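Let's go through this one as a quick round of questions and answers. Have a look at the model, then read on.

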Amino acid sequence: MIAVRDAAVDDLPAIAAIYAHHVLTGTATFEIDPPDLAEVTVRWRRGVDQGWPWLVAADGRGVAGYGYTGPYNLRAAYARTAETTIYLAPDRLRQGIGRILLTALIERTAAAGFEQLVAAIGDSGNAASIGLHAACGFRHAGCLEAVGRKFGRSLDVVYMQRAAGTGSSS
């Protein structure tokens, strides 16, 4: 059974390995070189110290995936909008873990007072991520065409958005 909990220092090697796989083999992230454990630790610490949720989905086999939110934009006017990110271990795809993790991330971010969530999905051909976000209530909000380049290809970024908490009603 999958349990979602706050990411801890002991989870960071697994998080770094999951992310490294996606950096080296996929286009969900446009990072070219995977960050080492020290850099992943800095990113996690910075997020946690600023109050951003960092979660892992884990079971008896270990960390199956992780997700976090961070600032959509650093300007004060965007203070109630968060950007969501999730990655799953390559052997844990298409098992419902992404939906469990993203749902928990949405709930935690809404409970923290955020009103809007944005997902910046690398590669408009990333049907799995686009479908997952749609299933979790995100709607298509736009596409920036050919803004990234990886593996010799020009890549789009698909933006999806959903309300959290009170949404735009406040």
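A contact here means heavy atoms within 4.5 Å. Keep in mind that this is a predicted model.

Q: Among contacts between residues at least 6 apart in sequence, what percentage join residues at least 24 apart?
A: Start from the contacts in the protein between residues at least 6 apart in sequence. Then keep those that join residues at least 24 apart, and the share comes to 64%.

Q: In what order do the elements run from the N terminus on?
A: The protein has four helices and seven strands to place. From the N terminus on, they run β-α-α-β-β-β-α-β-α-β-β.

Q: What radius of gyration does the protein have, set against that of a compact globule?
A: The C-alpha atoms fill a box of roughly 40 × 35 × 30 Å along the principal axes. For 170 residues, a compact globule would come out near 15 Å. The protein agrees with that, at 15 Å.

Q: Is threonine 85 buried or exposed?
A: Threonine 85 sits in strand 4, residues 81–88. Its relative accessible area is 15%, and the cut-off for buried is under 20%. So threonine 85 counts as buried.

Q: Which residues does threonine 85 touch, not counting those up to four places away in sequence?
A: Leave out the residues up to four places away in sequence from threonine 85. What threonine 85 then touches is Tyr66, Gly67, Tyr68 and Leu105.

Q: How many Å apart are the mean positions of the positive and negative charges?
A: The protein carries 16 positive and 16 negative charges. Take the mean position of each set, and the two are apart by 4 Å.

Definitions and conventions: Residues are numbered from 1 along each chain as its sequence is written. This is a predicted model: local features need pLDDT of at least 70, side-chain atom pairs count only at pLDDT 80 or more; totals for chains, interfaces and linings use all residues. Side-chain values use heavy atoms; hydrogens and water are left out. Helices (H or I, at least four residues) and strands (E, at least two) are DSSP runs, numbered from the N terminus. The radius of gyration is taken over C-alpha atoms; the globule rule is 2.2 Å times the number of residues to the power 0.38. Lys and Arg count as positive and Asp and Glu as negative; His and the chain ends are not counted. The place of a charge is taken as NZ of Lys, CZ of Arg, CG of Asp or CD of Glu. Buried means under 20% relative accessible area, exposed over 50%, partly exposed in between (1.4 Å probe, protein chains only).
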